[in-house]
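Trainee: I should like to go through this protein with you, one topic at a time. May we look at the sequence and structure together?

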Amino acid sequence: MAGDDDRRFMARALELSRRHLGLTGTNPSVGCVVVRDGGIVGEAVTAPGGRPHAETQALDNAREKARGATVYVTLEPCSHYGRTPPCANAIVEAGVSRAVIAVTDPDPRVSGRGLAILRDAGIVVETGLMEKEGRRALAGYLTRQTKGRPYVTLKLAVSADGKLGRRGEELAITGPEVKAEVHRLRAESDAILVGIGTALSDDPELTVRIPGMQGRSPIRIVLDRGLQLPLDSKLVKTARDIPVIVVASPQPGIQASDESLSSSGRAEGGSSADKREMLAEAGVEIMDTSGLDILLAVFAARGISSLLVEGGAIVAKAFLDIGLVDRILLFRGTGTVGEGGLESPLTPSDMPAGFTLIREDAFGGDRLFEYERDF
C-alpha cells in the first residue's frame, strides 16, 4: 500500500507533467521523479516536441544515484523502439529497484509491455497510485488513444442572469482575473475553436498573451461555412505566425443563420473561390470536412490531443448535443446583460447528465464551476 511519501513524490511528478501540456506534440506530457534515501535525486518532464522523454532525462539527472532508487512516473514507460530506445529499458539499465506508475498506457505498442520489461528485470512495480489525478493530467493523450479524437474542453462565460452577451457586440462578462486564466488554458491546449459569429463580433486573436508564454499559442480553428472571416481580421493577419484553420463545410447542428451567414462575407473576395485563394495566400488553411465527430477524428490524426472550444452559444450546443464535450469550464460574472441577450446553453443549475462538479473557485469577483464527464 502506498504511503504518504509515495503520494508526495507522485504528486510532484504530476505537477511536472502539467508544465508542458500543449507542447509535446503527439507524445504525452509525462512527469518522472527519481527518489533515493527519501530525497529527489532527479526529475523531469517530457521535452517540448515530445523528446527526450521524461524518464531518460530524470535518470540522466540522477546519474549513479538512480541505482537502487524508486522512480515515480505518471504514465507507463514506453516499450517500443521509435526515434529513441524504450524508456522501460533505460530504467532497467539505470539499476532502479522500484517503479511506481500512475496510469498504464492504452497505446497497443506499450500497454502492459513496459510493465513486463520492468518486472522481468526484477524491479518491483506498483501501478494505480493517484490514477484519477494521472488520468486527468493525461486526459488529452488518453482520449486521443482510446476515442480517436481530442479531449474537448468547453469554456463559457455567463452573466449573473444566464446570458453570454449580445449578438454582434463584444461584451465583457467577466473580469481580468478570468481573462488571465483563459490565457493559461489556451497555453495548455493544442488547439482552440470558435464559430464565425464569435470571430466576426469579437475579432479575437485567440493567442496566449501571458508574458514569457507567448510561444505557447494553440492552433486556431474557425467554423466558417460561408468564408466570412475578414482578410483584415486579427486571425488572418497573424496566420503565418500561428496556424489558422477555417472549416468551410456545413456542420450538422449549426445552421447558416446561426453562423451569421450573409453575402457580405463572400463579397469581400468577389466569389467563394476568390476568397479561398485570398485566405490561402494569407496563410490560412481551408478544410472541407463535414461533421464535428469526423472533424475531431481528423484533428486527432494530425496529433491534436486537446481542444478548447470558446464559443459561441450555437457551437457550444452542437458539441454538447452529440456528446463531444469532456470538460466544462463555466465562468459566471457578477453583472447582468438583460433582455435581448444571448441565452447560455448551460448554467450551474442545469448541467447535462453525466457531468460532475469537480471544482468551484473564485477569480476576482467571478466564479468558476468546473465539470467533468464521468469516466
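Trainee: Which residues of the largest nonpolar core touch the most other members?

Mentor: This is a predicted model, in which local features need pLDDT of at least 70, side-chain atom pairs count only at pLDDT 80 or more, and totals for chains, interfaces and linings use all residues. Residues are numbered from 1 along each chain as its sequence is written, and side-chain values use heavy atoms, with hydrogens and water left out. A nonpolar core is a set of buried Ala, Val, Leu, Ile, Met, Phe, Trp, Tyr and Cys residues joined through side-chain atoms within 4.5 Å, where buried means under 20% relative accessible area, exposed over 50% and partly exposed in between (1.4 Å probe, protein chains only). Of the 42 residues in the largest such core, those touching the most other members are Met10, Val34, Leu59, Val71 and Leu118.

Trainee: With which residues is Leu118 in contact, leaving aside its neighbours within four places in sequence?

Mentor: Contact means heavy atoms within 4.5 Å. With those neighbours left aside, the contacts of Leu118 are Pro77, Ala88, Ile91, Val92, Ala99, Ile101, Ile123 and Val125.

Trainee: How many residues are in the other core that lies apart from it?

Mentor: Among the members of that other core are Val158, Met287, Leu296 and Leu346. Its number of residues is 35.

Trainee: Why is there no bond between the sulfur of Cys78 and that of Cys87?

Mentor: A disulfide is a covalent bond between the sulfur atoms of two cysteines; the rule applied here asks for a pair of cysteine sulfur atoms within 2.5 Å. Cys78 counts as buried at 11% relative accessibility, and Cys87 counts as buried at 1%. The count of disulfides comes to zero. For Cys78, the closest cysteine sulfur is that of Cys87, too far for a bond at 3.7 Å.

Trainee: Asp105 is buried; which side chain of opposite charge is nearest?

Mentor: Asp105 is in the loop between strand S4 (98–103) and helix H4 (113–120); helices (H or I, at least four residues) and strands (E, at least two) are DSSP runs, numbered from the N terminus. The side chain of Asp105 makes a polar contact of 2.8 Å with the side chain of Tyr141, a polar contact being a pair of N or O atoms within 3.5 Å; within protein, one must be able to donate a hydrogen and the other to accept it, and residues adjacent in sequence count only if both atoms are side-chain atoms. Asp105 has no salt bridge, that is, no side-chain nitrogen of Lys or Arg within 4 Å of a carboxyl oxygen of Asp or Glu. Lys and Arg count as positive and Asp and Glu as negative, with His and the chain ends not counted, and the nearest side chain of opposite charge, 7.1 Å away, is Arg109.

Trainee: Which side chain does that of Glu126 join in a polar contact of 3.0 Å?

Mentor: Glu126 is found in strand S5 (residues 124–127) and is partly exposed, with a relative accessible area of 28%. Not counting residues up to four places away in sequence, Glu126 touches Ala99, Val100 and Ile101, among others. The polar contact of 3.0 Å joins the side chain of Glu126 to that of Arg98.

Trainee: How far apart are the closest N and O atoms in the salt bridge of Arg359 with Glu370?

Mentor: Arg359 lies in strand S15 (residues 355–363) and Glu370 in strand S16 (residues 366–373), so the pair ties together parts that are eleven residues apart in sequence. Arg359 counts as partly exposed at 28% relative accessibility, whereas Glu370 counts as buried at 6%. The closest N and O atoms of this salt bridge are apart by 2.8 Å.
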